[in-house]
Each structure stands twice: as structure tokens, then as C-alpha cells.
Amino acid sequence: MTVRPIITAPDPRLKAVSSAVEKVDSEIRKLVADMSDSMYAADGIGLAAVQIGVAKRVIVMDLDQKDGKKNPRAFINPKILWASDEMATFEEGCLSVPEIWDDVERPARIRAEYLDLDGNRVELEADGMLATCLQHEMDHLQGVLFIDHLSRLKRAMAIKKLTKSKKQLA
Ligand code: K1U
Ligand code: ZN
């Protein structure tokens with residue numbers, strides 16, 4: 001088990017645009033295992049590789065954590081093929097933006113493609129929390145945080161709070 005530290009904002013590494021994975025090999029499978037360990041250790045439901053400092057287009061997610069059961073899913077090189085005009089609002093949080101939660105509006109339904117751990121192309125339709133979480137994690141791959149969807153004032157307040165708590169920890 002390898003738990004890797006999660007980078008928190010404002011850290012310029014979170015602004016990186018992640019690169020596509022060229023081959024799903026043992027190195028990527030080890031990255032996915034480390035990401036899952038790190039996500040569970042931080043009590044998260046999702047994680048993008050860039051959050052542990054690896055700017056590759058890899059996401060892990062587990063929306064079904066009940067009674068200590070673990071069912072992590074990996075999404076490699078995910079791409080949104082279609083997004084609904086209908087929008088949905090969910091309260092979002094982020095392991096890289098600790099202690100800040102706010103409502104974000106995103107397309108309610110998406111169709112996406114990705115590679116699984118065997119390198120097979122998979123297509124899925126998602127709504128509800130899966131659609132929200134996938135879009136949130138795919139934003140990370142573009143260097144975008146959920147606070148970037150908030151008003152300028154709310155984002156500035158969030159960054160101020162994060163900078164202050166980082167200074168107190170230093
Ligand atoms: O940091 C991340 O990208 C993961 C993030 C995923 C997410 C959560 C909510 C809406 C959209 C995306 C998290 O896992 S934040 C932590 C979290 O969701 C949680 C933590 C403790 C209890 C319940 C939920
Ligand atoms: Zn996040």
C-alpha cells in the first residue's frame with residue numbers, strides 16, 4: 001500500500017494540463033493502485049493523478065464506499081463525447097481544496113469514453129453524482145479546480161482561506 005501526499009491549492013502543479021497515457025502498462029497500473037490508496041486514505045470519492053503530482057490523464061473513483069467495501073474504478077484518457085443541455089447543481093468538495101464546499105452547476109448527463117486497466121476502450125453514460133464527479137476529475141486533467149467555476153469573489157475568498165491555513169501549518 002502506497003499513500004502519496006495530495007497537493008493542495010494554491011500550488012502551480014495543479015494548473016498543469018495532463019498528458020495522454022500512451023500505453024496502459026504496469027507503470028500505469030501501479031499509479032492507479034497508489035491513487036486508490038491515496039484516495040481512500042484521504043476519505044475521498046475520486047482523485048486525478050495530477051493531485052499526487054503526476055500530470056497524466058488518469059482518474060480513480062469509488063462512489064460506492066459502504067461498510068468498508070472498496071470498488072475503485074479507473075478512467076484512463078477519459079473524453080466527454082456528449083453533454084446534455086440540461087444542467088444540474090451539486091455541492092462539491094475537493095481533496096486539493098480542503099474544507100471548502102460549494103454548489104457547482106454542470107451538465108446533468110454526459111456520455112464519455114475512456115480506457116480501462118486492460119487498455120480496452122469503454123463508453124459510458126452517466127448522470128447524478130457519477131456525471132458530476134467525472135466532470136470534476138476531468139477538469140483536474142485540464143488544470144481546472146471546482147473553485148474556478150465560482151464567482152470571482154468566492155474564488156478569492158477560498159484562495160485566501162487556503163493560503164492562510166497553509167501559512168499556519170508551515
Ligand atoms: O479531490 C477530488 O477531486 C475528489 C473529490 C471528488 C468530488 C466530491 C464531491 C463532488 C465532486 C467531486 C472528493 O472526494 S472530496 C471528499 C468527499 O467527497 C467526501 C469526503 C468525506 C465524506 C464524504 C465525501
Ligand atoms: Zn478535486
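1. Let's start with Asp148. In this predicted model, Asp148 has a relative accessibility of 28%, so the residue counts as partly exposed. Its side chain forms a salt bridge with Lys15, and the closest N and O atoms are 3.5 Å apart. Asp148 sits in the loop between H2 and helix H3 (152-169), while Lys15 belongs to the segment before helix H1 (26-41), so this contact ties together parts that are 133 residues apart in sequence.

2. Another salt bridge for you to look at is the one between Lys56 and Glu27, with the closest N and O atoms 2.9 Å apart. This pair also links distant parts of the chain: Lys56 is in the loop between strand S1 (46-48) and strand S2 (58-61), and Glu27 is in helix H1, 29 residues apart. Lys56 has a relative accessible area of 26%, so call this lysine partly exposed.

3. Buried or exposed: which word fits Arg106 and Asp139? Both are buried. Their side chains meet in a salt bridge at 3.0 Å, N to O. Arg106 comes from strand S5 and Asp139 from helix H2, so the bridge ties together parts that are 33 residues apart in sequence. While you have salt bridges on screen, pull up Arg111, Glu113, Arg121, Glu123 and Glu125 as well: salt bridges with shared partners join these five into one network. In total, the structure holds 14 salt bridges.

4. Next, the zinc ion (ligand 2). Cys94 coordinates it through SG, and His136 and His140 do so through NE2, at 2.1 to 2.3 Å. The arrangement is tetrahedral because the four donor atoms around the ion subtend angles of 91 to 128°. Along the chain, the donors of this zinc ion follow the spacing C-x41-H-x3-H. Cys94 and His140 link distant parts of the chain: Cys94 is in the loop between strand S4 (87-92) and strand S5 (102-107), and His140 is in helix H2 (residues 128-141), 46 residues apart.

5. How accessible are those two ligating residues? Cys94 has 10% relative accessibility, so it counts as buried. His140 has 1%, so it counts as buried too.

6. Helix H2 also holds Met129. That methionine is at 33% relative accessibility, so it counts as partly exposed. On the surface, Met129 joins Ile45 and Leu63 in a nonpolar patch, and together they have about 220 Å² of accessible area.

7. On to the strands. S1 and S2 run antiparallel and are joined by three bridges, with Gly46 standing opposite Met61 of S2. S2 also runs antiparallel to strand S3 (residues 73-83), through four bridges, and Val58 has Ile76 in S3 as its bridge partner.

8. What covers the two faces of S2? Both faces are covered: Val58 and Val60 on one side, and Ile59 and Met61 on the other, are all buried. As background, side chains in a regular strand alternate between the two faces of the sheet.

9. Strand S6 (residues 110-115) pairs with strand S7 (residues 121-126) in the antiparallel sense, over six bridges. Leu115 has Arg121 of S7 as its bridge partner. The two strands make a hairpin with five residues between them, and in the turn Gly119 has a positive phi of about 80°.

10. A few backbone details are worth a look in your viewer. The peptide bond from Ala9 to Pro10 is cis, with omega near 0°, and Pro10 is in the segment before H1. Asp67 has a positive phi, near 50°, in a residue other than glycine. You will find Asp67 in the loop between S2 and S3; with a relative accessible area of 80%, it counts as exposed because the cut-off is over 50%. Asn77 is not a glycine either, yet it has a positive phi of about 50°. Asn77 is in strand S3.

Methods:
Residues numbered from 1 in each chain as written. Chains lettered and ligands numbered in written order. Predicted model: local features only at pLDDT ≥ 70, side-chain atom pairs only at ≥ 80, totals over all residues. Heavy atoms only, no water. Pairing = 2+ DSSP bridges. Donors = N, O, S within 2.8 Å, 3.2 Å for Na, K, Ca; no water. Tetrahedral: all angles 85-135°; square planar, octahedral: opposite > 155°, others 65-115°. Buried < 20%, exposed > 50% of the residue type's maximum accessible area, 1.4 Å probe, protein only. Patch = residues over 30% accessible without salt bridge, like charges linked within 9 Å, V, L, I, M, F, W, Y side chains within 5 Å. Areas by Shrake-Rupley, 256 points an atom, 1.4 Å probe, with all protein chains shown as cover. Salt bridge = Lys/Arg side-chain N within 4 Å of Asp/Glu carboxyl O.
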